[in-house]
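I have a fresh notebook page and a fold to walk through. Come along while I look things up one at a time.

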Amino acid sequence: MVQTVQDAKVVVTGAGGGIGAALARRFAAQGARVVVNDLDADRAKAVAEEIGGLAVPGDASTIVAEARDALGGTVDVYCANAGVGRDGGEPGEPLDEQGWALSWDVNVMAHVRAAHTLLPDWLERGSGRFVSTVSAAGLLTMIGTAPYSVTKHGAYAFAEWLSLTYRHRGIKVHAICPQGVRTDMLDASGSAGALVLEPTAIEPEDVADALFRGIEEDRFLVLPHPEVAEYYRARAGDPDRWLTGMNRLQQQWEATR
């Protein structure tokens with residue numbers, strides 16, 4: 001039992017399935033009171049009923065106040081988990097500005113809006129925990145999908161900024177950066193996901209395990225795939241060599257299309 005989670009009031013967005021549902025189940029199993037959010041009201045209700053939580057369906061950008069009210073006026077842990085993976089078109093192809101805008105809104109601005117709402121209360125009482133489901137794409141990149149890669153970098157940068165700005169004031173921040181996870185999003189990632197992510201894909205429950213280890217160890221960066229740390233070091237240590245290797249992967253993917 002993680003003592004900092006027991007009896008906590010928790011909100012998990014995008015929790016109708018996948019990583020979000022696994023996080024909601026784990027928090028509930030640890031004794032937390034959990035609000036389950038998802039755009040799909042039926043899926044949110046099903047998970048909430050399963051774990052004895054509360055369903056607050058809707059757009060993750062707009063439900064913070066409603067979720068807080070459902071929990072009696074307080075949120076202790078906020079899991080910004082809702083995300084989208086969109087292909088914004090390659091250079092030379094028609095630009096999918098709608099896909100770019102949606103990716104930016106869900107993958108970054110929903111986190112910003114949630115923090116803007118939560119921080120005044122958290123800073124006043126000197127505690128609060130913000131969990132950002134990012135992706136290894138936010139540390140590295142992902143072939144075939146510029147909007148996802150770029151906005152996940154943004155999500156990671158915002159989580160990092162929150163941590164460095166407020167950690168001395170009692171705010172805990174965790175950035176979860178897995179590679180492939182067996183979810184609907186992986187199924188929708190097409191041939192690029194099949195090449196890069198599926199061979200080492202893990203279950204959503206493995207991501208929840210990694211987060212709870214990160215909470216126990218008070219770690220900002222949560223890596224369900226530990227090898228990502230080595231990739232991250234290689235990228236920082238020799239960017240050109242790393243980019244050359246990624247370009248070879250791009251060429252391999254193009255050969256299969």
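These are my entries on the sheet, the helices that go with it, and one loop residue.

**Entry 1, the sheet.** I began by noting that this is a predicted model. I then traced the strand order and found an open sheet of seven strands, β3-β2-β1-β4-β5-β6-β7, with parallel pairing. I looked at the edges next: β3 (54-55) and β7 (221-222) stand there with a single partner strand each, so one side of each has no neighbour in the sheet.

**Entry 2, strand β1 and its partners.** How many bridges join β1 to β4? I found three between β1 (residues 9-12) and β4 (residues 77-80), and the two strands run parallel. Within this pairing, Val11 has Tyr78 of β4 as its bridge partner. On to β2: four bridges join it to β1, again in parallel. Here I found Val12 opposite Val36.

**Entry 3, on to β3.** I followed Val36 further and saw that its bridge partner in β3 is Ala55. β2 and β3 pair over two bridges, in the parallel sense.

**Entry 4, the crossovers.** Which hand does the path from β2 to β3 have? The chain goes through α2 on the way, and this β-α-β crossover is right-handed. I also checked β1, helix α1 (residues 18-29) and β2, which form a right-handed β-α-β unit.

**Entry 5, helices against the sheet.** I looked at what α2 touches and found that this helix packs on the sheet against β2 and β3, with its direction at about 165 degrees to that of β2. Helix α4 (residues 97-125) lies across β4, β5 (128-133) and β6 (171-176). The angle I noted between α4 and β5 is about 165 degrees.

**Entry 6, helix α5.** I wanted to see how the length of α5 fits its residue count. At 1.5 Å a residue, the 21 residues of α5 (residues 146-166) should span 30 Å, and the end C-alpha atoms are 30 Å apart, which agrees. At the start of α5, I found a side-chain oxygen of Thr145 within 3.5 Å of the backbone nitrogen of Tyr148.

**Entry 7, Leu39.** Is Leu39 buried or exposed? I put Leu39 down as exposed, because its relative accessible area is 71%, with over 50% as the cut-off. Leu39 sits in the loop between β2 (33-36) and α2 (41-51). Leaving aside neighbours within four places in sequence, Leu39 is in contact with Gly58 and Asp59. I also checked Thr13, which is 26 residues from Leu39 in sequence and 8.9 Å away in space, C-alpha to C-alpha.

Conventions
Residues are numbered from 1 along each chain as its sequence is written. This is a predicted model: local features need pLDDT of at least 70, side-chain atom pairs count only at pLDDT 80 or more; totals for chains, interfaces and linings use all residues. Side-chain values use heavy atoms; hydrogens and water are left out. The expected span of a helix is 1.5 Å times one less than its number of residues. A polar contact is a pair of N or O atoms within 3.5 Å; within protein, one must be able to donate a hydrogen and the other to accept it, and residues adjacent in sequence count only if both atoms are side-chain atoms. Buried means under 20% relative accessible area, exposed over 50%, partly exposed in between (1.4 Å probe, protein chains only). Contact means heavy atoms within 4.5 Å. Two strands pair if DSSP finds at least two bridges between them. Axes are lines fitted to C-alpha atoms, for helices over the stretch in contact, and angles run from 0 to 180 degrees between N-to-C directions. A crossover is right-handed if, with the strands pointing away from the viewer, the path from the first strand over the helix to the second runs clockwise.
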